[in-house]
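Trainee: I should be grateful for a close look at the metal site of this model, followed by an account of the parts of the chain around it and beyond it.

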Amino acid sequence: MTTRVIQGDFYTATGPTTVELHPQALICIDDQGMIERIVEQSATDYAQVVQHAQQADRLLKAADGQVILPGFVDLHVHAPQWPNAGLALDLPLEDWLQHYTFPLEAKYCDPAFASQVYPTLVKELLNNGTTTVLFFGTIHNQDNLILAQECLKQGLRSLIGRVAMDNPDQTPEYYRDHSSQAALADTEAFIRELTDLGRGEPLAPTPVITPRFVPSCTDETLAGLGQLARHYDLPIQSHLSESKWEHQYAIERFGKHDAEVLDQFGLLTDKAVMAHATQLTAADQQLVRDRSTALAHCPISNVYFGSGIMPVKTLLHDQIKVGLGTDISGGYSPSLYDNLRQAVMSSQIRQDGVGPESAGVDDSRISMKTAFYLATVGGGRSLHLPIGEIKPGFQADLQIVQERFVEPTDDSSNRLERLLYQTHRADVKRVIVNGVIVK
Ligand SMILES: [Zn+2]
């Protein structure tokens, strides 16, 4: 049964370089929050559907100069790092972790701190047009559950991982799992607790197996997490070959590349989303492709810490799933709009190089359409969820955006490009998740 109809111009990506505009279409949403039908202006019953919706007070019409887009999917957010967003980004990764990130994450042993931080984070993500987020939490189950409750309360679709990190060589004494058994037992407890919390909720958060990254975990923990992922059939998230240091670390400890290590422990699966992947060799890429693992491109963060730029165009050409992430707080911005723009800019740098001694890589440049695809369709496919597209059978996760500059001579392609370059938080006027208006 149709419970809401949204009327307006909408854009939806149909492939990595193709986007469709549907002018003044009707998006009909059922009582489960799914898009049940798209009624184009040319449909014979268009006027009738509008009239029925109006009479039942179920019509939401985008105002003049507003455009409807799919809600964005953020594949990489460290929820506890939100208070540090925009701090210490001039430090090397190791110093940033030891002096800023670990001390902050440790503060979440106090649930009051989580209760103070998470409402503003969830609100900020929604206000920027993001409707689904794949979160890293902390090692503290209680605060991860506070994050889950806040997502439910504000209507953000979420997947949440309890971070596992027990390697004494790579984690501080004050913030680590004190044994592999503890890391695995707490992870399993979190899976149960989160499942209980979400029971019966339309936006029930999904638990995610979350080794922080290979260096943070002992072999026993990596192996145990792989078994838990298989046993509970859960998504996995971690970092993959983010920096030269991480890439080299795996070689020194295991005599193989990061991707091969994750694979050895059953952590490189079709349900895994691995962040960054700036240092992959051709063989690593082939392995990621063979395992159907998704990659989260975090272009702002990579400029600070990635030691490189992900070859997005090549990966998409090779049919590897790629989405976009803000990587709060390795990235300073909670906005995927900022990351769309940086994805395009970084691809230009990859193409052109950075100076006389650094040649660029041909055919690296991506368009804003591709960046839009990453933030919507790419994210949805990476998570195996029916999100990121406006079409029947998909969740009604949408944003309504005010155009800042309208140029009457723009064709539909230029109009979208201009919109994606110009949109800021204040221009995101409405956000709808699962058919419910949350902003
Ligand atoms: Zn990260």
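**The zinc site and its setting**

Mentor: In this predicted model, four protein atoms serve as donors to the zinc ion: NE2 of His-76, NE2 of His-78, NE2 of His-239 and an OD atom of Asp-327, at 2.1 to 2.8 Å from the ion. The angles among the four donor atoms run from 82 to 171 degrees, and the site is irregular. A tetrahedral assignment would require all angles to lie between 85 and 135 degrees, so the range of 82 to 171 degrees rules that assignment out.

Along the sequence, the donors follow the pattern H-x1-H-x160-H-x87-D. The site thereby joins distant parts of the chain: His-76 belongs to strand 6 (residues 72–78) and His-239 to strand 10 (residues 236–240), with their positions 163 residues apart. His-76 counts as buried because its relative accessibility is 1%. His-239 is likewise buried, since its relative accessible area is 6%.

Several backbone features deserve separate notice. Most residues other than glycine have a negative phi, and most peptide bonds are trans. Against that background, the peptide bond from Ile-328 to Ser-329 is cis, with omega near 0 degrees. Ser-329 is placed in the loop between strand 13 (322–324) and helix 12 (336–352). His-276, a residue of strand 11 (residues 272–276), has a positive phi near 85 degrees. With a relative accessible area of 0%, His-276 is buried. A positive phi, near 60 degrees, is also found at Ser-292, in the loop between helix 9 (282–290) and strand 12 (294–297). Ser-292 counts as partly exposed because its relative accessibility is 33%.

The nonpolar interior comes next. The largest nonpolar core has 89 residues, and those touching the most other members are Leu-69, Tyr-118, Phe-135, Ile-209, Leu-240, Leu-295 and Leu-340. Helix 3 (residues 111–127) supplies the largest share of this core, eight residues. Beyond its neighbours within four places in sequence, Phe-135 is in contact with residues including Val-77, Ala-79, Leu-121, Leu-125, Cys-151, Ile-160 and Gln-237. Another core, of 15 residues, lies apart from the largest one; among its members are Ile-27, Ile-38, Ile-68 and Leu-398.

Helix 1 (residues 46–55) has Tyr-46, Val-49, Val-50 and Ala-53 as buried residues. Viewed down the helix axis, these buried residues fall within an arc of 100 degrees, so they line one face of helix 1. An α-helix has 3.6 residues a turn, so residues three or four places apart point the same way. The face of helix 1 turned away from the buried side carries the exposed residues Ala-47 and Gln-55. The packing partners of the buried residues of helix 1 are strand 1 (2–15), strand 2 (18–30), strand 3 (35–39) and strand 4 (59–61). After helix 1 comes Asp-57, with a positive phi near 60 degrees.

Gln-7 offers a view of this packing from strand 1, where it is located. Its relative accessibility of 7% is why Gln-7 counts as buried. Leaving aside neighbours within four places in sequence, Gln-7 is in contact with Tyr-46 and Val-50, and also with Gln-24, Ala-25, Leu-26, Leu-59, Leu-60, Lys-61, Ala-62 and Ile-68.

Two further buried positions complete the account. Asn-434 lies in the loop between strand 15 (428–433) and strand 16 (436–437), and it counts as buried because its relative accessibility is 12%. The side chain of Asn-434 makes a polar contact of 3.1 Å with the side chain of Arg-157. Not counting residues up to four places away in sequence, Asn-434 touches Arg-157 together with Gln-32, Gly-33, Pro-202, Leu-203, Gln-395, Ala-396 and Asp-397.

Ala-164 is found in strand 8 (residues 157–164) and is buried, with a relative accessible area of 0%. Its C-alpha atom is separated by 35 Å from that of Leu-69, a residue 95 places away along the chain. Among the residues in contact with Ala-164, apart from neighbours within four places in sequence, are Asp-177, Ala-183, Thr-187, Thr-210, Pro-211 and Leu-225.

Terms used. Residues numbered from 1 in each chain as written. Predicted model: local features only at pLDDT ≥ 70, side-chain atom pairs only at ≥ 80, totals over all residues. Heavy atoms only, no water. Helix = DSSP H or I, 4+ residues; strand = E, 2+ residues; numbered from the N terminus. Buried < 20%, exposed > 50% of the residue type's maximum accessible area, 1.4 Å probe, protein only. Polar contact = N/O pair within 3.5 Å; in protein donor to acceptor, adjacent residues only side chain to side chain. Contact = heavy atoms within 4.5 Å. Donors = N, O, S within 2.8 Å, 3.2 Å for Na, K, Ca; no water. Tetrahedral: all angles 85-135°; square planar, octahedral: opposite > 155°, others 65-115°. Arc of directions from axis to C-beta. Core = buried A, V, L, I, M, F, W, Y, C linked by side-chain atoms within 4.5 Å.
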